[in-house]
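Student: Could you take me closely through a single part of this structure, the surroundings of the ligand, and then follow the helix that matters there to its packing partner?

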Amino acid sequence: MNMVLLGPPGAGKGTQAKVLAKELNIPHISTGDMLRDTVSKGTPLGKKAKEYMVKGELVPDGLVIEIVKETLKGAGMERGFILDGFPRTLEQAKMLHETFSKLSKKLDLVLYFKTSLDTSVTRLSGRRVCKNCGGNFHIKNIPPKEEGKCDHCGGGLYHRKDDEEATVKRRWSVYAKKTEPLISYYKDEGNLREVSGDLDVDELNKILIALFHKENLV
Ligand code: AMP
């Protein structure tokens, strides 16, 4: 099953994508994670991406599109994949459509995580991410067993710079302007399903698994 997770910052797309990827045994492709990885390597592309990411702006389409194209062509995508955080602009959605046609793939489902600003701010201000494996925690909702340390690999946890409140507000306004138009784009395509991003991970997961069965996607 090929699916896209769409929604504002702090909608829980990444957390849910990790759970679904394990359950369905398909790869989780997060453009945010791939870009952070590029930034940490300090390559020219990484340096350029960082300028946008720290401000809560979108990285230019051209840079992201190339990364996604290469990934989708790679091995391990045969049984499907979960795209998290891509597409984020109409241009990216059109490119995805073209790439799918070339690779004889189709987009089965777009899950729109409708989420309140309150939920988003609470999640992002408390979110802690592992420097090593990218594992996600929350100081109140998903606390690590040992403070500041990842449960999975023991790596150090950090608060993303772009999760600070002022940047979260900027990310929301960028989302409203550039990404929200994708909701009607995919509604018109007929493959958008709206779910609540305000629910906790397990509750939403049960709803999603039921939806996949109902639509004969698993
Ligand atoms: P995320 O981890 O999905 O919240 O993404 C973190 C940041 O990476 C975003 O605020 C953007 O700066 C950048 N980013 C991630 N995905 C994309 C994308 N599809 N298009 C442009 N920028 C992106």
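Tutor: In this predicted model, helices α2 and α3 are oblique to each other, because an angle between axes counts as oblique when it falls outside the ranges for roughly parallel (under 35 degrees), roughly antiparallel (over 145) and roughly perpendicular (65 to 115), and the two helices pack at an angle of about 120°. Their axes lie 8 Å apart, with α2 spanning residues 31–41 and α3 residues 44–53, and the crossing that α2 and α3 make is left-handed.

Helix α2 also leads to the ligand, since the largest share of the shell around the ligand, four residues, comes from this helix. In total, 16 residues surround the ligand, and the closest are Thr 31, Arg 36, Glu 57, Gly 85 and Gln 92. By residue class, the shell divides into six nonpolar, four polar and six charged residues.

Three polar contacts can be followed atom by atom, beginning with Thr 31, where an N or O atom of the side chain is 2.8 Å from a nitrogen atom of the ligand. At Glu 57 the partner is a polar backbone atom, which is placed 2.6 Å from an oxygen atom of the ligand. Gly 85 likewise contributes through its backbone, with an N or O atom 2.9 Å from a nitrogen atom of the ligand. Taken alone, the ligand exposes 480 Å², and the protein buries 95% of that area.

Note on methods: Residues numbered from 1 in each chain as written. Predicted model: local features only at pLDDT ≥ 70, side-chain atom pairs only at ≥ 80, totals over all residues. Heavy atoms only, no water. Near = heavy atom within 4 Å. Polar contact = N/O pair within 3.5 Å; in protein donor to acceptor, adjacent residues only side chain to side chain. Areas by Shrake-Rupley, 256 points an atom, 1.4 Å probe, with all protein chains shown as cover. Nonpolar A, V, L, I, M, F, W, Y, C, P; charged D, E, K, R; others polar. Axes fitted to C-alpha atoms, helices over the stretch in contact; angles between N-to-C directions. Left-handed = near helix turned anticlockwise from the far one by under 90°.
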